[in-house]
Amino acid sequence: MATSSTRTTDGGSTPDGPTRPDGVSSSLLDTPDGRAVHPVDELLPTVRLFTTGLQHVAAMYAGVVAPPLIVGAGVGLSPTELALLISASLFTAGLATLLQTLGVWKIGARLPFVNGVSFAGVAPMLAIAKEHGPDQALPVIFGAVIVAGLLCFLAAPYFCKLIRFFPPVVQGTVITLIGVSLLPVAVNWARGGSPAAPGYGSVRAIGLAAFTLTAVVLCNKLLRGFWQQLSLLIGLAIGTALAFPLGLADFGAVSRAEVFALPSPFHFGAPVFDLTAIVSICIVMVVSMTESTADMLALGRIVDREADERTLAAGLRADGLATAVSPVFNGFAASAFAQNIGLVALTNIRSRFVVAAGGGILILLGLFPVLGSLVSLVPSPVLGGAGIVLFGTVAASGIRTLAEAGMQSSANTILVSVSLGVGIVPIAAPTFYDAFPEAVRTLMHSGISAGCVLAVLLNLLFHHVGADRQAPSGGPTGATVSTATPS
């Protein structure tokens with residue numbers, strides 16, 4: 001396992017060392033009553049929970065509201081209905097995140113794992129809207145999402161067995177690809193978020209992104225302890241403050257927002273179960289399960305608690321249950337948000353209760369649209385500057401994992417190079433697979449999913465088939481993914 005640092009009770013960090021004389025790993029934290037607690041299970045003071053949880057909300061907010069904005073516009077919703085759809089997505093993302101971090105029974109990974117609206121389903125949902133028309137589109141979409149969520153829930157204990165095919169060389173490849181695949185999102189935010197946005201790609205927008213990036217880096221360098229852990233939030237605040245005199249932010253959204261709005265179950269009509277739509281969204285759900293598996297493995301390594309089969313199954317069950325329940329409150333499929341993994345790596349705050357606090361904030365944003373509009377004050381260029389740090393940190397974590405994976409092996413070198421190359425294709429050429437059938441496009445348009453599947457297949461070819469099946473695939477000593485039960 002990679003050498004990492006363990007936060008101390010004063011907010012600083014100390015290098016992981018050998019086991020203490022009392023037999024307790026030095027990666028654990030001591031509670032006031034003398035019990036050793038893993039940093040993932042550390043409960044921080046209320047103020048720190050809120051501020052650090054707010055960082056996670058800031059990192060994911062744009063990703064949560066983008067799918068309902070796009071789908072709502074495609075369906076032709078009025079501004080009032082569109083606002084309701086966005087609030088519903090925030091509310092259901094909060095519920096899903098609480099389920100994932102706190103857990104119930106065998107549901108929830110109990111890691112600092114953020115769930116939100118999956119962007120992978122946007123294209124199929126727009127196709128469904130085009131086929132069924134504005135009046136029936138959302139009921140058909142919601143019916144398909146419910147079935148896909150139930151499929152994920154039932155398939156979780158079987159799908160998670162794929163962990164044996166994710167040795168460090170595969171994990172490192174996928175983690176690197178997650179970071180690289182997210183970087184274009186940050187670049188688009190830095191330019192303004194949308195080509196239709198005023199000043200998209202202007203010197204002002206890109207300069208604001210660069211200023212925010214510099215602020216985050218300097219805060220991380222100059223601040224210490226608790227304040228260093230808030231470097232992203234401080235950088236976002238500084239960038240947003242500069243955005244107002246530049247004319248890149250305003251309070252208009254706040255003045256137009258409702259103060260309070262309860263979610264209305266099935267506001268857009270009872271779900272309709274259409275076979276074609278169900279198959280389409282189920283394919284998306286399988287892709288999302290692949291990404292969630294890769295994300296949980298990546299997060300497990302970052303927080304020093306390897307994700308075993310039981311953890312993966314519990315996490316996928318949470319994805320499935322949250323997805324099946326979301327349409328009741330007018331939400332869409334809920335799955336992993338990889339960008340928040342970068343925030344965990346950047347701040348080294350590994351407590352799942354921090355992310356749970358973020359889930360609570362999301363619920364409040366969904367119930368109080370006026371609060372959500374305050375978060376939306378952060379302009380896209382500011383998010384873009386911070387996103388480069390976040391997503392680059394994910395890629396760096398993957399490179400660190402690959403350094404452990406025995407890259408002196410020619411088989412591993414081929415595995416990494418080909419998987420990364422194929423995974424980057426949809427990033428370099430977004431229309432590359434447009435001529436292929438829809439099922440192929442759904443898988444291959446996600447560079448993370450395409451690279452992940454190929455890395456697993458190449459690992460099978462090089463390390464499990466024929467005479468080379470005993471060759472090391474995880475590192476110099478043939479290490480594989482730990483399946484130890486988390487403490």
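A residue counts as partly exposed when its relative accessible area lies between the buried limit, under 20%, and the exposed limit, over 50%. Phe266, at 30% relative accessibility, therefore falls in the partly exposed class. The structure under discussion is a predicted model. Its secondary structure amounts to 17 helices and 6 strands, and 53% of the 487 residues are buried.

**Overall organisation**

- Among contacts with a separation of 6 or more, 79% join residues that are 24 or more positions apart.
- The exposed surface of the protein comes to about 19700 Å², and carbon and sulfur atoms contribute 68% of that area.

**Cysteines**

- The search for disulfides, run over the whole structure, returns 0.
- Cys160 has a relative accessibility of 4%, which means that this residue is classed as buried, the limit being under 20%.
- Cys452 is likewise buried, because its relative accessible area is 1% and the limit is under 20%.

**Helix α5**

- Helix α5 covers residues 203-222, a run of 20 residues.
- At 1.5 Å a residue, the expected span of α5 is 28 Å, and the C-alpha atoms at its ends are 28 Å apart, so the two values agree.
- The buried residues of α5 are Ala205, Leu208, Ala209, Thr212, Ala215, Val216 and Cys219.
- Viewed down the helix axis, these buried residues of α5 fall within an arc of 120 degrees and therefore line one face of the helix.
- Val203, Lys221 and Leu222 are exposed and sit on the face of α5 that is turned away from its buried side.
- The cover over the buried residues of α5 includes α4 (168-191), α7 (231-243) and α14 (380-403).

**Loop residues with positive phi**

- Arg110 belongs to the loop that runs between α2 (79-102) and β5 (115-117).
- The phi angle of Arg110 is near 55 degrees, a positive value in a residue that is not glycine.
- With a relative accessible area of 26%, Arg110 is partly exposed, because this value is neither under 20% nor over 50%.
- Phe266 is located in the loop between α8 (252-256) and α9 (275-302).
- The phi angle of Phe266 is near 50 degrees, again a positive value in a residue other than glycine.

Conventions. Residues numbered from 1 in each chain as written. Predicted model: local features only at pLDDT ≥ 70, side-chain atom pairs only at ≥ 80, totals over all residues. Heavy atoms only, no water. Helix = DSSP H or I, 4+ residues; strand = E, 2+ residues; numbered from the N terminus. Buried < 20%, exposed > 50% of the residue type's maximum accessible area, 1.4 Å probe, protein only. Contact = heavy atoms within 4.5 Å. Areas by Shrake-Rupley, 256 points an atom, 1.4 Å probe, with all protein chains shown as cover. Disulfide = S-S within 2.5 Å. Expected span 1.5 Å × (residues − 1). Arc of directions from axis to C-beta.
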